[in-house]
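User: Please take a close look at one part of this model, then work outward from there to the rest. I want the fold, the way the parts meet and any unusual backbone geometry in one connected account.

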Amino acid sequence: MINKNESSLFNFIQEHAAIGTWEYDIKLATLQWSSETKKIHDVSPDYKPDVDSGLSFYKAGQDRDTITQLFTDCINKHANFDTELQIVTATGHDKWVRSIGMPIIENNKCIKVQGLFQDIDEKTKITKTLALKEQHLRKTFESALVGMAIIDLKGNWIDINQSLCNTFGYTKEEFKKYSLKELTHPEDIKIGYKSMIDMINGNLEDFEAEKRYIGKNGQTISAIIYTSIIRDDDGKPLHIVAQINDRTQIKKSNSEVVQLLETTEYQNKRLLNFAQIVSHNLRSHYSNLDMLLDILKIDRPESTKNEIFPLIKEAVTHLGETLENLNEVATINLKKDLKTESLNLLDHFNKALSSISALIIESKTTLIVDIDKTLSVKAIPAYLDSILLNFLTNAIRYKKQNEPAKIEIKTETEDNFVILIIKDYGQGIDLKKHSKKLFGMYKTFHKHEESRGLGLFITKNQVEAIGGKIKVESTVNEYTTFYTYLKKHE
Amino acid sequence: MNKVNIACIIDDDPIFIFGAKRMMEISNFCNSFMIFKNGHEAITKLKTKILEGLDIPEIILLDINMPIMDGWEFLEEFSKIEFHKKITIYIVSSSIDPVDIRRAKRYENVSNYLIKPISVNALKNILKEI
């Protein structure tokens with residue numbers, strides 16, 4: 001028997017440790033719960049449990065099956081149990097409990113089962129949450145795309161993630177055989193050394209550095225490392241966390257970009273040379289040919305009165321035009337800093353129109369012009385004139401064969417663009433066939449004697465050089481509409 | 001229409017010289033020619049002629065791209081010489097590079113920039129201008 005003092009101590013312990021007791025008498029088939037045990041179950045102090053109701057508090061399923069089995073084994077096999085399970089209390093709350101059971105044996109027969117019953121809900125929930133958090137952190141660490149390592153203060157690995165192993169080409173086991181120093185590029189071993197000492201001495205919290213490492217196949221790995229130190233509550237350093245960000249690919253791409261840029265600049269210089277060759281050398285041969293033909297015609301008129309001479313003259317003239325076009329193309333592509341100015345669209349349109357007035361009258365072309373006279377665009381005068389002239393002459397040139405050309409010109413605005421819309425009711429262009437090469441060099445779409453092909457190519461280049469773009473719509477034998485977007489002058 | 005007494009051609013291209021001379025003959029441009037193959041030859045011989053008191057040309061057709069001394073260098077040297085009469089210089093080049101055309105405008109001595117090939121009409125226009 002326990003005396004009164006012991007009994008009150010016992011109650012004190014039960015209450016404050018949240019531990020209750022229970023006892024099952026097999027002979028009498030009675031189950032006794034201490035007041036703390038009842039409290040844990042959220043039942044009133046006068047509640048009278050029995051085995052069935054006692055077990056039924058355990059959560060249906062695994063928890064209840066487990067306790068039933070343990071309880072049965074305790075009686076039949078005389079086995080102690082100590083388990084952590086969940087119950088549903090009388091007020092419907094889920095609660096983690098620790099249940100301990102011990103058989104009392106008399107004559108090799110179990111006569112009673114005594115046990116402890118402890119409320120471990122708060123503790124368990126915290127532990128489980130922590131475990132879950134740890135698991136999340138672990139997964140984050142493990143699956144991070146950045147190589148990560150936790151290192152102790154002596155430089156030994158505490159943990160490394162998969163990404164780091166992938167960067168180096170090692171398995172985790174292989175990786176851990178080497179020290180960080182052994183994996184570092186010999187020339188870079190000293191990088192970050194001082195920062196590391198400062199960090200351990202408490203003078204620095206983290207640092208960033210560019211450092212090279214050596215991978216499994218001897219390859220150099222260019223990385224940016226971010227290192228920080230983890231301290232305990234007293235500020236004593238515990239370990240170091242390092243992120244190793246593989247920049248090898250980026251570095252490689254960077255150097256490729258630089259190389260590409262160099263190539264482009266070189267090509268540009270060559271293009272400039274080419275333009276000069278076209279402009280000076282080739283043209284001088286052409287001009288000599290042309291001049292000699294003129295002299296021949298004056299000095300030896302009889303030698304030109306055959307069918308070959310006019311053909312030679314024509315070929316030489318075409319050669320001259322081609323050289324001029326080529327030169328124009330080369331110079332457009334070379335101009336870097338184009339100085340655009342504000343130009344009134346209608347003024348320049350009228351200027352272009354007057355320069356081809358003879359052609360318009362001769363071809364009996366009908367023009368319907370509706371250009372907003374207040375509109376100004378940002379352009380280079382020579383380009384704008386050339387663009388307008390090219391679209392107009394094209395529209396006249398590719399008219400329907402048996403009727404004079406009819407052209408409609410109007411303007412619209414959209415965002416910061418002025419759209420010049422030139423619609424001709426001419427031959428049209430089969431865009432399904434030609435759309436890709438419409439603005440290509442030396443492409444023509446009509447069997448027209450004056451077809452050059454360079455016109456649209458140059459026009460497109462000029463429009464793009466001043467920040468615009470061209471769209472086209474067309475139906476064969478009906479119409480062609482060019483939408484030229486030019487930067488609006490505000 | 002005035003006829004030029006002496007016309008000077010400074011060019012390294014024999015075909016151009018042949019053609020230009022013939023064009024000048026056809027258009028009755030001048031009484032005589034003075035031909036130099038590059039800027040250096042032209043500047044040296046012109047200086048000598050001035051010293052010796054000989055006739056110098058009234059008009060010069062000057063090419064740009066030439067060996068030894070090109071057209072630009074010739075213009076620099078030319079501007080340092082004092083002449084007792086006016087000499088009109090036309091740049092005649094096969095270059096259609098706007099950079100060259102703009103550069104030519106910067107020289108006071110240069111009257112105009114003609115793009116090759118030159119024609120009888122172009123020569124007649126020059127005669128009208130001077």
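Analyst: Chain B and what it touches

Chain B contains five helices and five strands. The model is a predicted one, and the confidence scores for this chain are as follows: the average pLDDT of chain B is 88, and 99% of its residues score at least 70. For the complex, the predictor reports an ipTM of 0.80 and a pTM of 0.48.

Read from the N terminus, the elements of chain B follow the order β-α-β-α-β-α-β-α-β-α. The chain has 130 residues, of which 35% count as buried. Among the contacts in chain B with a separation of 6 or more, 72% are between residues 24 or more positions apart.

One peptide bond of chain B deserves a note. Lys116(B) and Pro117(B) are joined by a cis peptide bond, with omega at about 0°. Pro117(B) sits in the loop that runs between strand 5 (110-115) and helix 5 (120-129) of chain B. As background, most peptide bonds are trans, and most residues other than glycine have a negative phi.

Chain B meets chain A through 16 of its residues, which are in contact with 15 residues of chain A. On the chain A side, two helices each supply at least two residues, namely helix 10 (248-299) and helix 11 (308-334). Helix 10 of chain A gives the most to that side, with 13 residues. Sorted by class, the side of chain A that touches chain B holds four nonpolar, seven polar and four charged residues.

Moving on to the sheets of chain A, one of them is an open sheet of five strands with mixed pairing, in the order 12-14-15-17-16. Its edges are strand 12 (366-370) and strand 16 (469-475) of chain A, each of which pairs on one side only. Direction ignored, neighbouring strands of this sheet are turned by 15° against each other on average.

Within this sheet, strand 12 of chain A pairs with strand 14 of chain A in the parallel sense over five bridges. Asp370(A) has Lys410(A) as its bridge partner in strand 14 of chain A. Strand 14 (residues 406-414) and strand 15 (residues 417-424) of chain A pair in the antiparallel sense, over eight bridges. Across that pair, Glu412(A) has Ile419(A) as its bridge partner, and Thr413(A) stands opposite Val418(A). The hairpin of strand 14 and strand 15 of chain A has two residues between the strands, and Asp415(A) takes a positive phi near 50° there.

A helix covers part of this sheet. Helix 14 (residues 381-397) of chain A lies across strand 14, strand 15 and strand 17 (479-487) of chain A, and runs at about 20° to strand 15.

Another open sheet of chain A also has five strands, with antiparallel pairing in the order 7-6-10-9-8. Strand 7 (157-160) and strand 8 (206-214) of chain A are its edge strands, each pairing on one side only. From one strand to the next, the twist averages 25°. Strand 8 of chain A pairs with strand 9 (residues 220-231) of chain A in the antiparallel sense over nine bridges, and Phe207(A) finds its bridge partner in Thr227(A) of strand 9.

Several residues of chain A have a positive phi without being glycine. Asn107(A) is one of them, with a phi of about 50°, and lies in the loop between strand 4 (94-106) and strand 5 (109-119) of chain A. Asn107(A) counts as exposed because 5 other C-beta atoms lie within 10 Å, and the cut-off for exposed is 12 or fewer. Lys364(A) is likewise not a glycine, and its positive phi is about 55°. Lys364(A) lies in the loop between helix 13 (357-362) and strand 12 of chain A. With 11 C-beta neighbours inside 10 Å, Lys364(A) also counts as exposed.

A positive phi also follows a helix of chain A. Helix 4 (residues 62-76) has 15 residues and reaches 21 Å from its first C-alpha to its last, close to the 21 Å expected at 1.5 Å a residue. After helix 4 of chain A comes His78(A), with a positive phi near 60°.

How values were computed:
Residues numbered from 1 in each chain as written. Chains lettered and ligands numbered in written order. Predicted model: local features only at pLDDT ≥ 70, side-chain atom pairs only at ≥ 80, totals over all residues. Contact = placed C-beta atoms within 7 Å. Helix = DSSP H or I, 4+ residues; strand = E, 2+ residues; numbered from the N terminus. Nonpolar A, V, L, I, M, F, W, Y, C, P; charged D, E, K, R; others polar. Pairing = 2+ DSSP bridges. Axes fitted to C-alpha atoms, helices over the stretch in contact; angles between N-to-C directions. pLDDT = per-residue confidence, 0-100. Buried ≥ 20, exposed ≤ 12 C-beta atoms within 10 Å, placed from the backbone. Expected span 1.5 Å × (residues − 1).
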